[in-house]
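Colleague: I should like to learn how the packing of two helices is read from a model. May we work through a case together?

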Amino acid sequence: MSSNDQQTRFVIDASVVVPWYLDQSLTPISLLFLQRLEHCQAPGIISAHVSQVLWSYCQEDLLSGAVGTAALRHFRRAMNHKITPSEELADRALEISLDLRLSPPLCLYFALAERQEADLVTAFQPFHEAVRGTAYAGMVTDLRSFL
Amino acid sequence: MDVERFYKKTRLRRAAAASVYRRGLLILMGQVLIRNLDDDVIETYRLRAKRKRHSLEQELRTVLSEHAIPSGSDLEAEAESLRGQGPMVNDALANAMLDAGISGGSVALQSEG
């Protein structure tokens with residue numbers, strides 16, 4: 001186990017990352033995680049999710065392509081040493097996905113949180129809905145609860 | 001860029017530069033020249049590289065890469081400058097965009113509040 005692993009307290013998803021680049025009510029709280037990245041990790045699929053969300057903003061002309069690209073580059077630099085390859089988590093993610101009836105790619109976040117004994121911090125509503133009343137409920141923390 | 005300028009920029013041996021140029025392998029990586037570095041520092045890294053059976057350049061590349069972790073305040077300042085170029089997003093729109101990005105759902109645009 002690396003020193004990074006030992007420090008990990010939070011697994012974060014795109015809902016924590018995107019407010020770094022677009023002003024919204026969750027921006028102040030999400031920035032606390034940017035300042036404390038030594039305590040954070042994410043599965044590799046987060047890159048695709050962040051990219052997809054930024055792309056959605058670009059498609060709606062709410063963000064320029066140049067800023068979207070710069071944001072993605074910033075995200076990669078920030079999270080450079082904090083990403084766990086999704087392949088390492090795939091088997092467990094599939095098992096969790098069968099429990100939660102949530103797609104396996106999304107369950108990569110749960111698999112990582114479980115492995116690191118960390119909290120999955122998210123404002124993504126489907127995560128909260130999927131774990132409600134299950135053994136995984138204690139693993140998920142609403143980003144809004146830090147407000 | 002012609003082969004002469006490519007040669008000067010890459011500092012490759014002339015024949016190697018010509019070969020790379022002809023093949024269209026124009027991949028330029030960053031270079032840094034560090035002046036006034038103490039000889040003892042260089043010797044420390046040279047011996048460490050020798051022990052690991054790779055070059056001094058590789059050793060320095062590894063050390064610099066491993067320490068290229070930007071500080072939280074640097075990252076926050078960079079993110080702030082990017083935020084300044086986008087709109088203020090209300091919660092409904094933020095949720096719709098997040099859902100569209102992660103779940104592949106459609107975006108239901110809400111008026112900004």
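Modeller: Let us begin with a pair of helices in this predicted model. Helix α5 of chain A, residues 65-78, packs against helix α5 of chain B, residues 72-83.

Colleague: At what angle do these two helices pack, and how far apart are their axes?

Modeller: The angle is about 165 degrees, and the axes are 10 Å apart. An angle over 145 degrees counts as roughly antiparallel. Therefore α5(A) and α5(B) are roughly antiparallel to each other. Their crossing is left-handed.

Colleague: Which residues make the contact?

Modeller: From α5(A) come Val67(A), Ala70(A), Ala71(A), His74(A) and Ala78(A). From α5(B) come Leu75(B), Glu78(B), Ala79(B) and Leu82(B). By type, the residues of this contact comprise 7 nonpolar, 1 polar and 1 charged.

Colleague: I would now like to turn to backbone angles. What is the phi of Asp61(A), and where is this residue found?

Modeller: Asp61(A) is not a glycine, yet its phi is positive, at about 60 degrees. Asp61(A) belongs to the loop that lies between α4 (46-59) and α5 of chain A.

Colleague: Does Asp61(A) count as buried or exposed?

Modeller: A residue is exposed if 12 or fewer other C-beta atoms lie within 10 Å of its own. Asp61(A) has 8 C-beta neighbours inside 10 Å, and therefore counts as exposed.

Colleague: Which loop of chain B holds Arg53(B), and what is the phi of Arg53(B)?

Modeller: Arg53(B) lies in the loop between α3 (39-51) and α4 (56-66) of chain B. Arg53(B) has a positive phi of about 60 degrees, although it is not a glycine. With 7 other C-beta atoms within 10 Å, Arg53(B) is exposed.

Methods:
Residues numbered from 1 in each chain as written. Chains lettered and ligands numbered in written order. Predicted model: local features only at pLDDT ≥ 70, side-chain atom pairs only at ≥ 80, totals over all residues. Axes fitted to C-alpha atoms, helices over the stretch in contact; angles between N-to-C directions. Helix = DSSP H or I, 4+ residues; strand = E, 2+ residues; numbered from the N terminus. Parallel < 35°, antiparallel > 145°, perpendicular 65-115°, else oblique. Left-handed = near helix turned anticlockwise from the far one by under 90°. Contact = placed C-beta atoms within 7 Å. Nonpolar A, V, L, I, M, F, W, Y, C, P; charged D, E, K, R; others polar. Buried ≥ 20, exposed ≤ 12 C-beta atoms within 10 Å, placed from the backbone.
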